[in-house]
There are 2 protein chains.
Amino acid sequence: MRIVVDAMGGDHAPEEIVKGAVAACNEYGADILLVGREEQIKKELDSCGRFPSSKIEIDHAEDVVTMDDSPSMIVRGKRNSSIHTGLKHVKNGNADAFFSAGNTGAVMAVAIMVLRTLPGIDRPAIGAVLPNIKGHTVMLDVGANVDCKPLNYFQFAIMGSVYAQIVLGLPRPSIGLLSIGEEDMKGNETTKSVHTLLRSVGSAINFYGNVEGKDLFRGTTDVVVCDGFSGNVALKVAESAGWYISKMLKEEITSSFWAKAGALMARKALMRVKERADYTEYGGAPLLGVEGVCIIGHGSSNANAVKNGIRVAKELAEHDLNKVIQEKLADSIGVLEVDKDVSFLDNIIGKFKKKNPQAE
Amino acid sequence: MRIVVDAMGGDHAPEEIVKGAVAACNEYGADILLVGREEQIKKELDSCGRFPSSKIEIDHAEDVVTMDDSPSMIVRGKRNSSIHTGLKHVKNGNADAFFSAGNTGAVMAVAIMVLRTLPGIDRPAIGAVLPNIKGHTVMLDVGANVDCKPLNYFQFAIMGSVYAQIVLGLPRPSIGLLSIGEEDMKGNETTKSVHTLLRSVGSAINFYGNVEGKDLFRGTTDVVVCDGFSGNVALKVAESAGWYISKMLKEEITSSFWAKAGALMARKALMRVKERADYTEYGGAPLLGVEGVCIIGHGSSNANAVKNGIRVAKELAEHDLNKVIQEKLADSIGVLEVDKDVSFLDNIIGKFKKKNPQAE
């Protein structure tokens with residue numbers, strides 16, 4: 001297993017990225033290929049202490065993508081960036097997965113250009129793992145596609161199901177469709193069509209039905225599918241809720257002697273709450289649906305988040321994420337009882353379009 | 001000021017509704033007209049202790065709307081419901097505002113039928129008040145319209161601005177457009193058109209620009225406008241985040257002696273956090289854009305939430321909510337420098353359609 005790491009991407013690059021890569025190498029035994037400006041990476045490596053030097057290599061890439069660069073500009077203009085160079089290693093079979101904490105739009109655009117989408121997948125999706133009261137919820141899409149058609153949701157359901165199988169270790173994850181009411185016919189025009197489609201796929205996916213915003217934290221389903229607009233809104237509200245409550249807690253606790261003393265006594269319990277609500281534990285969100293494994297870390301990733309992101313990249317590559325997605329897509333044909341010689345997605349699309357002419 | 005209260009709507013009706021109405025009468029001096037099954041209401045009133053009996057009246061309504069009734073069924077089938085009867089009192093000028101903690105879809109549908117929409121407003125919106133780290137955010141729409149056109153958002157911005165002026169006491173509330181990136185051109189097809197439209201209205205509204213899910217808790221703007229789908233998702237994620245964190249806190253705090261003792265010492269501080277995060281303080285969400293004041297309470301409203309909902313109803317009626325909305329709509333024409341003799345909304349629509357043929 002060899003993971004390519006974009007050493008130049010993220011608010012704390014290259015320092016925290018290199019530190020995280022070294023930690024991942026030491027802890028998980030991953031081979032690392034750091035891509036970016038060679039001297040800067042070497043300098044950081046020198047201050048990283050001991051690591052098996054045969055397991056960490058550097059590939060020089062001159063261009064650096066900033067957070068302000070527009071995706072289209074990068075795709076065309078910065079062809080020697082660490083993102084391009086790194087993803088080409090995955091494309092050429094020279095590495096098994098790619099990790100970057102850089103500009104999300106840029107990583108996405110370059111990954112789609114260099115790796116291409118999987119057969120049967122129209123649009124890739126970004127998957128996120130959120131903590132809930134029972135464990136974790138996988139949510140997708142959280143920002144790759146803001147305007148989605150029903151078929152995109154179907155593909156998200158397949159990809160989300162496989163992703164949850166691998167990262168959460170669930171044999172048959174349940175899938176919820178994000179809507180604004182639990183009843184089947186609640187939602188907007190698109191989600192109503194999606195509901196019909198997901199019901200019609202039968203047992204190929206474990207479809208629970210509609211879920212609401214509150215079900216994310218209740219853990220009603222293992223996977224929640226949605227368009228990238230509402231998914232992104234939900235993710236950012238969820239992330240900032242923790243920030244908001246902990247900020248209030250700090251304000252109120254430091255306002256009196258008794259509160260301060262009490263908080264000190266309950267310190268361990270408070271820390272555990274913080275850990276349980278910490279979404280950075282999963283270190284990054286995969287871009288699902290491209291030919292290869294590509295993990296996008298939070299721009300603010302520290303060394304620990306980078307280390308976890310590399311672990312997830314390694315896990316997805318080891319479990320052959322994309323092969324399983326392809327098998328699951330093929331499975332849904334079996335259920336739909338259609339001719340196996342015809343492209344399976346064409347079968348599903350044809351069948352669904354016939355039933356729902358308004359959905360396309 | 002006379003407020004009509006739907007005594008039969010809500011999970012704890014009529015008991016908590018009647019108690020809340022009596023409390024509102026005692027505390028704010030509001031005249032109350034309780035609508036619903038007379039004997040049941042009388043029985044509850046008898047156990048309510050002292051109140052000025054001349055200020056509380058009852059109007060009998062035979063039909064009771066349940067939470068499971070579909071809006072279309074109620075509009076046609078239960079014409080003697082407490083919702084119909086109550087709203088007719090507002091329509092006929094016999095009362096100044098209506099409050100119900102009943103079936104949201106039913107209240108909305110009957111309100112639109114009985115009261116009609118305001119001139120210049122195509123679709124009413126449900127407004128919600130959320131706590132944030134600086135104070136409060138008004139968000140709309142949170143569920144009345146799941147598929148919105150750019151012009152709906154413009155009307156939401158006007159209505160939200162007036163609502164925030166009255167309930168939050170702000171002279172010139174700032175308006176944010178919910179999107180998935182702060183940059184002007186981030187978002188889906190609809191929000192990009194809305195952004196252009198809200199910028200073109202000029203100083204009639206205090207438009208800040210795009211905001212993200214995280215800005216709700218940061219209080220970046222006083223008002224956040226969005227379609228009813230993402231607004232409902234955001235509201236439910238926000239509400240349940242508090243539930244989730246407090247559930248974890250309870251679990252962790254009760255897990256050890258020291259944590260329990262510490263929490264006891266910091267009890268007051270913890271209670272203040274709970275109070276600050278309590279969204280029921282605003283007691284209900286107005287259905288903005290109908291000819292009259294109509295407040296919809298949470299189905300689980302207790303007496304205190306009902307009391308607060310009646311207070312908000314009274315405030316909005318006293319401040320002549322709809323007159324101010326009409327004036328603000330008229331203001332936007334002044335800014336657009338168009339002929340005052342032509343219907344003002346037609347002016348805005350015409351101008352916007354010309355610039356954005358794709359938006360309609």
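## Domain organisation of chain A

The C-alpha centres of domain 1 and domain 2 of chain A are separated by 29 Å in this predicted model. Domain 1 of chain A comprises residues 1-116 + 290-319, and domain 2 of chain A comprises 127-239 + 321-360. Contact between the two involves 10 residues from domain 1 of chain A and eight residues from domain 2 of chain A.

## The interface between the domains

Domain 1 and domain 2 of chain A together bury about 710 Å², of which 60% is on carbon and sulfur atoms. On the side of domain 1 of chain A, the residues that lose the most area to domain 2 of chain A are Met108(A), Leu316(A) and His319(A), which together account for 60% of what that side buries.

The polar component of this interface consists of four residue pairs in polar contact, with both residues at pLDDT 80 or more. Helix H12 (residues 303-318) of chain A gives the most to the side of domain 1 of chain A that touches domain 2 of chain A, supplying three residues. By residue class, that side of domain 1 of chain A divides into five nonpolar, three polar and two charged. Zero salt bridges are found across the interface of domain 1 and domain 2 of chain A.

## Relation between the two chains

A turn of 180 degrees, with a shift of 0.0 Å along the axis, lays chain B on chain A with an RMSD of 0.0 Å. The two copies are therefore related as by a two-fold rotation axis. Within chain B, the C-alpha nearest the axis belongs to Gly262(B), at 1.8 Å from it.

The contact between the chains involves 54 residues of chain B and 54 residues of chain A. Because 100% of the interface residues of chain B are also interface residues in chain A, the copies meet through the same surface.

## Composition of the chain interface

Chain B and chain A bury about 5,000 Å² between them, and 74% of this area is on carbon and sulfur atoms. Eight residue pairs, both members at pLDDT 80 or more, are in polar contact between chain B and chain A. Five helices of chain B each supply at least two residues of the side that touches chain A: H7 (189-200), H8 (215-218), H9 (228-253), H10 (257-265) and H11 (267-276). H9(B) provides the largest share of that side, with 21 residues. The side of chain B that touches chain A divides into 29 nonpolar, 14 polar and 11 charged residues.

## Salt bridges

Over all chains, the structure holds 32 salt bridges. Between chain B and chain A the count is four. One of the salt bridges in the structure is formed by Glu212(A) with Lys236(B), whose closest N and O atoms are 2.2 Å apart. Glu212(A) is placed in the loop between strand S8 (206-211) and helix H8 (215-218) of chain A, and Lys236(B) in helix H9 of chain B, so the pair joins two chains. The side chains of Glu212(B) and Lys236(A) also meet in a salt bridge, with an N to O distance of 2.2 Å.

## Backbone geometry

Most residues other than glycine have a negative phi, and most peptide bonds are trans. In chain A, a cis peptide bond joins Ala13(A) and Pro14(A), with omega about -5 degrees. Pro14(A) is located in the loop between strand S1 (2-6) and helix H1 (15-28) of chain A. In chain B, the peptide bond from Leu140(B) to Asp141(B) is cis, and its omega is near 0 degrees. Asp141(B) occupies the loop between strand S6 (136-140) and helix H6 (150-168) of chain B.

Arg116(A), a residue other than glycine, has a positive phi near 70 degrees. This residue, Arg116(A), lies in the loop between helix H5 (104-115) and strand S5 (125-131) of chain A.

Conventions:
Residues are numbered from 1 along each chain as its sequence is written. Chains are lettered from A and ligands numbered from 1 in the order in which they are written. Side-chain values use heavy atoms; hydrogens and water are left out. Contact means heavy atoms within 4.5 Å. Buried area is the accessible area (1.4 Å probe) that two parts lose on being put together, summed over both. A polar contact is a pair of N or O atoms within 3.5 Å; within protein, one must be able to donate a hydrogen and the other to accept it, and residues adjacent in sequence count only if both atoms are side-chain atoms. Helices (H or I, at least four residues) and strands (E, at least two) are DSSP runs, numbered from the N terminus. Ala, Val, Leu, Ile, Met, Phe, Trp, Tyr, Cys and Pro count as nonpolar, Asp, Glu, Lys and Arg as charged, and the others, Gly among them, as polar. Domain bounds come from an automatic or database domain assignment. Copies are superposed by least squares on the C-alpha atoms of residues with pLDDT of at least 70 in both.
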